[in-house]
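What follows is a walk through a predicted model, beginning in the interior and ending with the arrangement of the domains. Please keep the sequence and the coordinates at hand while reading.

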Amino acid sequence: MFVSPPYIKCPKCGGNEYGVLMINSKDYRRRCNGCMYSESYKLPALSKKIVYIDQNALSNMMKSINPETEAYKKGNLDPFFKSLFELLDRLNKYQLIICPDSINHYNESVSSQFYKSLRRVYEQLSHGTSFEFPETIKRFQIHNNFLEWLGENPQPITKDNVIHGSLNEWQDRLIVSVDMGSQTEDAVGNNDYKNRLHENMISVFERWKTEKNRNFNDWYEEERNAIGPAILRTYVEGFLKYSQEGYNESTLNFMTSFVSVLFTELKSVLIKRGYNDDDALLKIREYLNSDYFKETSYLKISSMLYASIAKSAANGRKNPPSPGMDNDIEVISSYSNYCDAMFLDKECHSYLNQQPLKKELGLSDKTFSVNNKEDFLKYLQSILDDCPKEHLKLIDEVYGNDWGEPFIEMFEKINED
Ligand SMILES: [Zn+2]
């Protein structure tokens, strides 16, 4: 291990070689290069804001600092994205915010020719923190909702339950990088999956266009009424197939799927309460068909967003949403409860600002997009402005006074290889 600046006067020998040896989650250690004297110093507790940055903004930030990209060479990118990166990186280094990455970032980046650059940017800002998979978060929410339906009072789901990595620990200077999978295979599989989703969206969109006599609530109810029965049907079909065929690739996929794991969890809750297998399944069926289930947070959010698209189709909108829309809806419905702020695609953002979503979901105050990009910079700047002077002084002591400088030259040496 090496001692880094900032150097101060050594309490033992008095030389000016007393630098920082390491930064831990709750303290940091100095060592003198002259006499080797070493001591640890406590660091105060942190309370970082969780800020989610969507793929589009991430990609534009990457382009605005990566000289290899066409957009950079042409110089026609909105300068907002460079300012955004600078502010996010600065706040992150000041230990005031953290921008967890997600499987959605990975999925949306992996087929890009700039995959490594995109990953470099989201890892710079996430610093080893990632959201759990959306399906895991949905399962947590259903599990809690189920316990409430049974009359229990479960612990609320917190940021720490759905984000892994150290949210409120002091960071060392290094960026942790974990490759989440095999890039080529994932790129191929993802494109197939995305194309299927989008084809499905296009055909539903065509139907919505013809539904001139329906209103928002009709589509909203249709969307959220469909989920419970779909989960039930998937489980029954998967389970029957497994009973008939035993283990094969398809039944194994089912056994590890969201639906199968969810059923196992809900069943174990009931078994503990004295139910037998058959009664437990009947009770789960009753729950999935109940109005209470339909109040599960992710389900409400995603159903309202799809209903908003349906409404726009019936009102005469010509073109279906872009292929990224399903991904955007998944991001908002799974992660928004656990974020202090989110920078989103402008279409979803504008839906969140329309009624009844604005009132029912209450997400309009903490979500931003290019529609109100200046407000997002102001919001971020206010985090810095509200930060106590002592905190900034401590940052200088631990990391040095040039530490807050944004790392805009990250691509000047590392290029795609
Ligand atoms: Zn010394």
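The largest nonpolar core of this predicted model comprises 59 residues, and Met-61 and Leu-305 are those with the most contacts inside it. Helix α13, which spans residues 297-314, gives the most to this core, contributing 11 residues. A second core, separate from the first, has 11 residues, among them Tyr-235, Leu-262, Leu-270 and Leu-288.

The surroundings of Met-61 lead to the next element of interest. Leaving aside residues up to four places away in sequence, Met-61 touches Phe-81, Leu-84, Phe-85 and Val-121, and Phe-81, Leu-84 and Phe-85 are listed among the buried residues of helix α3. This helix runs over residues 80-93, and its 14 residues reach 20 Å from the first C-alpha to the last, close to the 20 Å expected at 1.5 Å a residue. Also buried in α3 are Leu-88, Asp-89, Leu-91, Asn-92 and Lys-93, so that charged and polar side chains are found in this list beside nonpolar ones. The cover over the buried residues of α3 includes helix α1 (55-65), strand β6 (97-98), helix α5 (115-126) and helix α17 (373-385). After α3 comes Gln-95, whose phi is positive, near 65°.

Further along the chain, Ser-130 lies in strand β7, which covers residues 130-131. Is Ser-130 buried or exposed? Ser-130 counts as buried because it has 20 C-beta neighbours inside 10 Å, and 20 or more is what the cut-off for a buried residue asks for. When residues up to four places away in sequence are not counted, Ser-130 touches Pro-100, Asp-101 and Ser-102, and also Ile-163, His-164 and Gly-165. Leu-167 is 37 residues from Ser-130 in sequence, yet their C-alpha atoms are 9.6 Å apart in space.

At the level of domains, the protein is divided into domain 1, residues 4-42, and domain 2, which consists of residues 46-210 together with 296-411. The centres of the two domains, taken over C-alpha atoms, are separated by 38 Å. Where they meet, nine residues of domain 1 are in contact with seven residues of domain 2. On the side of domain 1 that touches domain 2, strands β1 (4-8) and β2 (18-23) each supply at least two residues, and the largest share, three residues, comes from β2. By class, this side of domain 1 has six nonpolar, two polar and one charged residues.

Key. Residues are numbered from 1 along each chain as its sequence is written. This is a predicted model: local features need pLDDT of at least 70, side-chain atom pairs count only at pLDDT 80 or more; totals for chains, interfaces and linings use all residues. Domain bounds come from an automatic or database domain assignment. Two residues are in contact if their C-beta atoms, placed from the backbone, lie within 7 Å. Helices (H or I, at least four residues) and strands (E, at least two) are DSSP runs, numbered from the N terminus. The expected span of a helix is 1.5 Å times one less than its number of residues. A residue is buried if 20 or more other C-beta atoms lie within 10 Å of its own, exposed if 12 or fewer, and partly exposed in between; C-beta atoms are placed from the backbone. A nonpolar core is a set of buried Ala, Val, Leu, Ile, Met, Phe, Trp, Tyr and Cys residues joined through C-beta atoms within 7 Å.
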